[in-house]
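User: I'm new to reading protein models, and I'd like some help. Could you walk me through this one, feature by feature?

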Amino acid sequence: SRILTASGDGTVRIWDAKNGRELAKFDVDTKGVWQAIWNKDESRILTASQDGTARVWDAENGTKLLTLSGHTGPISSAAWNKDESRILTAGADGTARIWDAQNGKELLTLSGYTGPVREAIWNKDGSRILTAGCNQREFGECSVGTARVWDAESGREVLILSTGAAVLHASWSSDESQILTTTEDGKARIW
């Protein structure tokens, strides 16, 4: 079994989970890599980078297969949908974006935040997207954070959950009837 890591030194590494030996190292971005995740069969790796790109890599030989460019700031999270046909990214530019996972074409931009979108996740069937971020800044600080639910086909905003601090994380309950948020002020909320 293998472990995948992302690093501020701009590399992604694959490790042997039993003995801790480094199996592979990919130079991704000199500015840093925020996230690296496997696809289902661990044949590809999706990275989210400080340079504002997400990339798809061949996990066996380190070949870059796709570069997703369009964000104007760092990308904090990236995720495949259930059938791995689309990729979702969240960026410091205040947007989340949906991409075609085969050709890298941007399909949809979800905009409405005035600060960074820290996370974007799919629901189970890929019909909805949940984002977490900062919606209003005062004196350099986030004064209003929101979690938002979006229709994944149209990009229409379905729901806004507002808090008094930046939303750092949001997740669906197992039956998707509730949303959990954690915020910069140290609070967790169930909606």
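Analyst: Sure, let's start with a pair of charged side chains. Asp151 and Arg128 meet in a salt bridge, with 3.0 Å from N to O. This pair links distant parts of the chain: Asp151 belongs to strand 14 (residues 141-151) and Arg128 to strand 13 (residues 128-138), 23 residues apart. Keep in mind that this is a predicted model.

User: Is Asp151 buried or exposed? And what about Arg128?

Analyst: For this we look at relative accessible area, where under 20% is called buried and over 50% exposed. Asp151 has 16%, so it is buried. Arg128 has 27%, so it counts as partly exposed.

User: How many salt bridges are there?

Analyst: The count comes to 13 salt bridges. One of them joins Arg44 and Glu84, whose closest N and O atoms are 3.1 Å apart. Here, too, distant parts of the chain are linked: Arg44 is in strand 5, while Glu84 sits in the loop between strand 8 (75-80) and strand 9 (86-91), 40 residues away. Both Arg44 and Glu84 are buried.

User: Which residue does Arg189 meet in a salt bridge?

Analyst: Its partner is Asp185, at 3.9 Å from N to O. The rule allows a nitrogen and a carboxyl oxygen to be within 4 Å, so that value passes. Arg189 has 22% relative accessibility and counts as partly exposed. Asp185 is partly exposed as well, with 38%. Salt bridges can also share partners, and in this way Arg2, Glu42 and Glu60 are joined into one network.

User: Let's move on to strands. In what order do they line up in the open sheet?

Analyst: With a sheet, you read the order of the strands and then the direction of each pairing. Four strands form this open sheet, in the order 4-5-6-7, and the pairing is antiparallel. Strand 4 (33-38) and strand 7 (64-69) stand at the edges with a single partner strand each, so one side of each has no neighbour in the sheet. From one strand to the next, the twist averages 15°.

User: How many bridges join strand 4 to strand 5?

Analyst: Five bridges connect strand 4 with strand 5 (residues 44-49), and these two strands run antiparallel. To follow one bridge, find Ile37, whose bridge partner in strand 5 is Leu46.

User: What about aromatic rings? How many aromatic pairs are there?

Analyst: The count is one aromatic pair. To read such a pair, check the distance between ring centres and then the angle between the planes. Phe26 and Trp57 are 6.1 Å apart centre to centre, with 20° between the planes, and the pair is stacked. It connects distant parts of the chain, with Phe26 in strand 3 (residues 22-27) and Trp57 in strand 6 (residues 53-58), 31 residues apart. Phe26 and Trp57 are both buried.

User: Which residue lies over the face of Tyr113?

Analyst: That's Arg148, at 4.3 Å from the ring centre.

User: Last one: which side chains does Thr89 contact?

Analyst: First, place the residue: Thr89 is in strand 9. It is buried, with a relative accessible area of 0%. Its side chain makes a polar contact of 2.7 Å with the side chain of His71. Another polar contact, of 2.9 Å, joins the side chains of Thr89 and Trp99.

Conventions:
Residues numbered from 1 in each chain as written. Predicted model: local features only at pLDDT ≥ 70, side-chain atom pairs only at ≥ 80, totals over all residues. Heavy atoms only, no water. Pairing = 2+ DSSP bridges. Axes fitted to C-alpha atoms, helices over the stretch in contact; angles between N-to-C directions. Phe/Tyr/Trp six-rings, centres within 6.5 Å; stacked < 30°, edge-to-face > 60°. Buried < 20%, exposed > 50% of the residue type's maximum accessible area, 1.4 Å probe, protein only. Lys NZ or Arg CZ within 6 Å of the ring centre and 35° of its normal. Salt bridge = Lys/Arg side-chain N within 4 Å of Asp/Glu carboxyl O. Polar contact = N/O pair within 3.5 Å; in protein donor to acceptor, adjacent residues only side chain to side chain.
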